[in-house]
Amino acid sequence: MAAVERSTTRLTLDLWHPNCWAIEATGQTGGGVLAHAIYNSPRADGDNPTTVQGLFTAFGDTEHEVEQLLDAIEASEHAGELSQLQERFGRERSVPGNVVREFFLEYDPDDMVCPTLLEYGFVHSAPVRIEDGREEWQVCFVDDRSEIETALDGVREQAGAEVAIDSITTGESGGLTPRDQRLDTLTVQQRQVFERAREMGYYEWPRAASTRELAAEFDVSKTTLLEHLRKAEAKLLDP
């Protein structure tokens, strides 16, 4: 049987979920965390709960900032034993910040959101970046693009998560027009607002619809509507 070829949909997700030591710690301090991989599989150690150990990088502008971040991680009730590495692990990685510390951390796999993302078709494709109490996930979606919002609703409900799409692109762009390729860079909200503005005649002269009318269409404030619209315009007009 011949394999079915499908375009790859890549997304950047802005995500928050409960019971996460990294979200908790970065929300309290400066700096950030890169989550690279789970180092070992879940295990049961006698009377101890099943745990996993992951490899992470803490980064910040100063030594003090990183020390504060690591202290906040160790103080989290959702974090287990933290072991700092004396030397960089594996190959060099390009990470933000002037100061970098790599560490292993033991934690409860029930607090992970990755299995839920996988269950709904979102495959992790790059280190997760956590800053300011939010996670940035680079993922590929394995199902049809039209199913993304339904899948995200499943993630939100099952994990108790807040998830927004920062960007979305289709890997196979040969059949897309330049306009479609630019539209692919918009978030779902930005695209919906932009397309509706065009349909209602917002870009006609004289304008057939006002920002107030557009805001009412999406049940948002005028300020929020303009923010979505201006971000969409900036992406579409960027050469």
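## What lines the largest pocket

Five elements each put at least two residues into the lining of the largest pocket: the helix α1 (21-28) and the strands β2 (32-43), β3 (51-60), β7 (128-131) and β8 (134-141). Keep in mind that this is a predicted model. If you're tracing the chain by eye, β2 is a good place to begin, as β2 gives the most to this lining, with four residues.

The space in the largest pocket comes to about 360 Å³. There are 21 residues around it, and those closest to the centre are Ala-35, Phe-56, Tyr-107, Met-112 and Trp-137. Sort the lining by class and you get 15 nonpolar residues, four polar and two charged.

## The second largest pocket

Next comes the second largest pocket, with a volume of about 250 Å³. Its lining is made of 15 residues, and Ala-164, Ile-165, Thr-187, Gln-189 and His-228 are the ones closest to its centre.

Which elements give two or more residues to this lining? They are the helices α4 (148-159), α6 (188-199) and α8 (222-237), along with the strand β9 (162-170). Here α8 gives the most, with five residues.

## The two linings by class

Now put the class counts side by side. The lining of the largest pocket has 15 nonpolar residues and just two charged ones, whereas the lining of the second largest pocket has four nonpolar and six charged. Polar residues number four in the largest pocket's lining and five in that of the second largest.

Key
Residues numbered from 1 in each chain as written. Predicted model: local features only at pLDDT ≥ 70, side-chain atom pairs only at ≥ 80, totals over all residues. Heavy atoms only, no water. 1 Å grid on protein atoms, 1.4 Å probe; cavity = no way out; pocket = protein on both sides within 12 Å on 5 of 7 lines; lining within 4 Å. Points joined across faces, edges and corners; volume = space filled by probe spheres on them. Nonpolar A, V, L, I, M, F, W, Y, C, P; charged D, E, K, R; others polar.
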